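Please open the model in your viewer and keep the sequence beside it. The tour below moves from one selection to the next and says what is to be found at each stop.

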Amino acid sequence: MNARAALRIAGLIGLFAVLGPIHILTKALLGRSPWPSRFLRAAAWIVGARVRMSGPPIRGHTLLVSNHVSWLDILVLGGATGCAFVSKDDLGSGLVHWLADQNATVYVKRGHVKGARDQALTIAQALEGEKPVALFPEGTTGPGTHLLPFRSTLLEAANFAAKDVAIRPVVLDYGGAAAEIGWWHEPGKDNVLRLLGRRGTLPLTVRLLEPLDRAGDRKRLTEKARDAIAQTLGLTSPGHSPIGGEE
């Protein structure tokens, strides 16, 4: 671990020490708290991200469909949009799970194919609130230079929600640094320390694209989302990724 990584880790610990108690007290008094998204925004800044937003603002009852490049995506997208995330139910350690809970994470059993409808219903319930919900349909992080195949199952949530849900593709655009940031075939600890020890800042843009036309089934919607993201990033990869994955 280099000195830069150590300094950033110390900054993240200090941030948690300050904002954690404020969040817990605010939530206890008011029943809700704006501090999780503020924490994510500040954490992204500490690790070097300099985020610019592009596109129309997000309204309530919105399902965000995003490419997935790195663990940094959570800090960047959550801090920029105030969204909750969809995650597998066996997420990380107790502390990681607790942190995710504070941001209203929606948990699903992704390996439970027969329970796909129940997973979509769980997300649909979350979409009935004002907080946007973000989904990474690739299911895992990729190399930054290609999109993995998008899984369509959970997009069905928009049809189950009692509210009129907008589906909006979101592009996490790391520019020329995408290949360096991409988390692909690298041990998690090594990746975290490498990015925390990275020199300089990391300019990136969160591009909020226009809502999709809801006509067509979930597979067609998934294709539209993937095509919009690929076109914005200037990628020409076909529906099947050249580096693997499943449809």
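**A tour by selection**

Begin with Thr232, which is partly exposed, with a relative accessible area of 32%. As you look, keep in mind that this is a predicted model. Thr232 belongs to helix H9, which covers residues 218–233. Now add Val171, Arg207 and Leu209 to the selection, since Thr232 touches these three when residues up to four places away in sequence are not counted. For Arg207, the separation from Thr232 is 25 residues in sequence and 8.6 Å in space, taken C-alpha to C-alpha.

**Helices H1 and H2**

Next, select helix H1 (residues 3–30) together with helix H2 (residues 35–46). The axes of H1 and H2 come within 10 Å and cross at roughly 170 degrees. Because an angle over 145 degrees counts as roughly antiparallel, H1 is described as roughly antiparallel to H2.

To see where the two helices meet, show the side chains on both sides of the contact. From H1 come Arg8, Gly11, Leu12, Leu15, Phe16, Leu19, Ile22, His23 and Thr26, and they meet Trp35, Pro36, Phe39, Ala42, Ala43 and Ile46 of H2. If you colour this contact between H1 and H2 by residue class, you will find 11 nonpolar residues, 3 polar ones and 1 that is charged.

**Aromatic rings**

How many aromatic pairs does a search of the whole structure find? The search finds 3 aromatic pairs. For one of them, select Phe16 and Phe39, whose ring centres are 6.5 Å apart and whose planes stand at 75 degrees, so the pair is edge-to-face. Phe16 lies in H1 and Phe39 in H2, 23 residues apart, and the pair thereby links distant parts of the chain. Phe16 has a relative accessible area of 34% and is partly exposed. Add Trp98 to the selection as well, for Phe16, Phe39 and Trp98 form one aromatic cluster.

Then move to Phe85 and Phe136, an aromatic pair of the stacked kind, with 5.9 Å from centre to centre and 20 degrees between the planes. Phe85 sits in strand E3 (residues 84–88), while Phe136 is in the loop between strand E5 (133–135) and helix H6 (157–160), so this pair ties together parts that are 51 residues apart in sequence. Are these two residues, Phe85 and Phe136, buried or exposed? Both Phe85 and Phe136 are buried.

Two further rings are worth selecting together with a charged partner. Arg38 lies over the face of Trp35, 4.6 Å from the centre of the ring. In the other case, the charged end of Arg226 sits over the ring of Phe150, at 5.9 Å from its centre.

**Two buried leucines**

Select Leu204 in strand E7, which spans residues 202–208. Leu204 counts as buried, at 4% relative accessibility. Setting aside residues up to four places away in sequence, Leu204 touches Ala49, Arg50, Val51, Arg52, Val76, Asp173 and Tyr174.

Continue to Leu195, which lies in helix H8. Leu195 likewise counts as buried, with a relative accessibility of 4%. Beyond its neighbours within four places in sequence, Leu195 is in contact with Arg8, Ser70, Trp71, Leu72, Glu180 and Ile181.

**Two residues with positive phi**

Before the next two selections, it helps to know that most residues other than glycine have a negative phi. Ala104, in the loop between helix H4 (94–102) and strand E4 (106–108), has a phi near 60 degrees, a positive value in a residue other than glycine. Ala104 is partly exposed, at a relative accessible area of 42%. His185, found in the loop between helix H7 (178–181) and helix H8 (188–196), is not a glycine either and has a positive phi of about 55 degrees. His185 counts as exposed, at 73% relative accessibility.

**A last stop**

Finish at Asn159, which is found in helix H6 and counts as partly exposed, at 42% relative accessibility. Add Leu121 to this last selection: Asn159 and Leu121 are 38 residues apart in sequence, and their C-alpha atoms are 9.2 Å apart in space.

Definitions and conventions. Residues numbered from 1 in each chain as written. Predicted model: local features only at pLDDT ≥ 70, side-chain atom pairs only at ≥ 80, totals over all residues. Heavy atoms only, no water. Phe/Tyr/Trp six-rings, centres within 6.5 Å; stacked < 30°, edge-to-face > 60°. Helix = DSSP H or I, 4+ residues; strand = E, 2+ residues; numbered from the N terminus. Buried < 20%, exposed > 50% of the residue type's maximum accessible area, 1.4 Å probe, protein only. Lys NZ or Arg CZ within 6 Å of the ring centre and 35° of its normal. Axes fitted to C-alpha atoms, helices over the stretch in contact; angles between N-to-C directions. Parallel < 35°, antiparallel > 145°, perpendicular 65-115°, else oblique. Contact = heavy atoms within 4.5 Å. Nonpolar A, V, L, I, M, F, W, Y, C, P; charged D, E, K, R; others polar.
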